[in-house]
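Here is a quick walk through one chain, meant to be read with the coordinates open in a viewer. Take a look at the structure first, then follow along.

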Amino acid sequence: MKKLNLDEKQYLTKLVKAVISNAKNKMQDANDFATRARDFKSQRIASIYEEYEKSLNANNAIDFDDMLMLTVKLFEQNAQVRQKYYDRFIHIMVDEYQDTNLAQYQLVHMLYSNLQTEIPQERSLCVVGDVDQSIYSWRGADFKIIMNFQNDYKNVKLIKLEQNYRSTGNILNAANYVIENNNERIDKVLYSNKGDGEKLSYYIASDEADEANYIIGNIKKEACGSYNK
């Protein structure tokens with residue numbers, strides 16, 4: 001950024017890093033990102049991205065997001081390498097699939113299918129996830145990937161794990177009422193065999209410190225009550 005004489009107050013390092021990271025998770029290298037940059041700020045970030053890639057190449061280095069993007073590009077461009085890893089991994093299981101980004105989706109798809117339309121019966125792909133728990137959209141995750149899983153692959157079997165072993169009925173009922181308002185989701189109803197449990201209460205905190213103090217105060221009350229008993 002200093003080399004390009006850019007104001008670090010206007011182009012915050014954290015923001016630029018996040019933009020470049022998201023671009024790589026969307027399979028956009030520096031050139032791809034530059035062609036999509038329409039406004040002035042995006043064009044300046046594209047220049048930073050280009051210089052960043054030059055610096056990585058000069059040092060024979062890659063960053064964390066390159067591990068995915070470059071592997072996917074290698075699999076796309078080199079059928080021999082793709083075949084090697086396709087043969088190696090016959091059964092594939094992916095956890096937290098609701099937080100998959102495009103690069104991760106393409107990597108899993110190529111490992112499983114080898115870009116073929118007909119998949120041999122001995123191969124299997126199992127993904128575990130809950131679209132209602134998707135929380136990493138800010139990091140490039142796309143919840144529609146899990147929503148489209150049944151359309152992307154043939155003979156898919158959907159297994160709903162609706163019993164919750166951690167929470168009581170009142171908590172789950174409240175969660176169900178909130179979650180059912182989501183427009184794009186796979187319908188499910190959470191339940192528990194742990195009974196209704198305590199009634200719910202809520203507290204509107206003014207900030208993080210207020211929230212922490214409220215929780216600590218309740219814990220102290222519970223502790224004192226238990227001690228007195």
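What follows covers helix packing, salt bridges, some long-range contacts, and a few surface and backbone details in this predicted model.

## Two helices that cross

Let's start with helix packing. Two packed helices are described by the angle between their axes and the distance between the axes. Here the pair to look at is H5, residues 79–88, and H6, residues 102–113. Their axes come within 7 Å and cross at roughly 75°. Anything from 65 to 115 degrees counts as roughly perpendicular, so that is the label for H5 and H6.

Which residues make the contact? On the H5 side, look for Arg82, Tyr85 and Tyr86. Across from them, H6 brings in Met110, Leu111, Tyr112 and Ser113.

## Salt bridges that span the sequence

Side chains of opposite charge can pair when their charged atoms come close. In this model the salt-bridge count comes to twelve. One of them joins Glu53 and Lys24, with 2.9 Å from N to O. Glu53 sits in helix H3 and Lys24 in helix H1 (residues 13–25), so this bridge ties together parts that are 29 residues apart in sequence.

Are these two partners buried or exposed? Glu53 is buried, because its relative accessible area is 15% and the cut-off for buried is under 20%. Lys24 is buried too, at a relative accessible area of 0%.

Another bridge pairs Lys73 with Asp29, and here the closest N and O atoms are 3.8 Å apart. This one also links distant parts of the chain: Lys73 belongs to helix H4, while Asp29 is in the loop between H1 and helix H2 (30–36), 44 residues apart. Lys73 is buried, with a relative accessible area of 19%. Asp29 has 24% relative accessibility and counts as partly exposed.

## A network around Arg185

Which residues are linked in a network of salt bridges? They are Asp130, Asp132, Arg185, Asp187 and Lys188. Zoom in on the bridge between Asp187 and Arg185, where the closest N and O atoms are 3.6 Å apart. The two ends differ in how much surface they show: Asp187 is exposed at 52% relative accessibility, whereas Arg185 is buried at 16%.

Two members of the network turn up again when you look at Ile179, a residue of helix H9. Leaving aside neighbours within four places in sequence, Ile179 is in contact with Asp132 and Arg185. Ile179 and Asp132 are 47 residues apart in sequence, yet their C-alpha atoms are 6.9 Å apart in space.

## Gln163 and its contacts

Gln163 is found in the loop between H8 and H9. With 25% relative accessibility, Gln163 counts as partly exposed. What does Gln163 touch, not counting residues up to four places away in sequence? The contacts are Tyr191 and Asn193. For a C-alpha distance, take Gln163 and Val189: 26 residues apart in sequence, 8.5 Å apart in space.

## A nonpolar patch on the surface

Now for the outside. Ile62, Phe64, Met67 and Leu70 form a nonpolar surface patch, together offering about 450 Å² of accessible area. Phe64, one of these residues, lies in helix H4, which covers residues 64–77. Phe64 counts as exposed because its relative accessible area is 66%, and the exposed class begins over 50%.

## Two asparagines with positive phi

Most residues other than glycine have a negative phi, and most peptide bonds are trans. Asn60 goes the other way on phi, with a positive value near 50°. Asn60 is in the loop between helix H3 (40–58) and H4. At a relative accessible area of 75%, Asn60 is exposed.

Asn155 also has a positive phi, near 55°. Where is Asn155 found? Look in the loop between helix H8 (149–152) and helix H9 (169–179). Asn155 is exposed as well, with a relative accessible area of 81%.

Conventions:
Residues numbered from 1 in each chain as written. Predicted model: local features only at pLDDT ≥ 70, side-chain atom pairs only at ≥ 80, totals over all residues. Heavy atoms only, no water. Patch = residues over 30% accessible without salt bridge, like charges linked within 9 Å, V, L, I, M, F, W, Y side chains within 5 Å. Areas by Shrake-Rupley, 256 points an atom, 1.4 Å probe, with all protein chains shown as cover. Salt bridge = Lys/Arg side-chain N within 4 Å of Asp/Glu carboxyl O. Helix = DSSP H or I, 4+ residues; strand = E, 2+ residues; numbered from the N terminus. Buried < 20%, exposed > 50% of the residue type's maximum accessible area, 1.4 Å probe, protein only. Axes fitted to C-alpha atoms, helices over the stretch in contact; angles between N-to-C directions. Parallel < 35°, antiparallel > 145°, perpendicular 65-115°, else oblique. Contact = heavy atoms within 4.5 Å.
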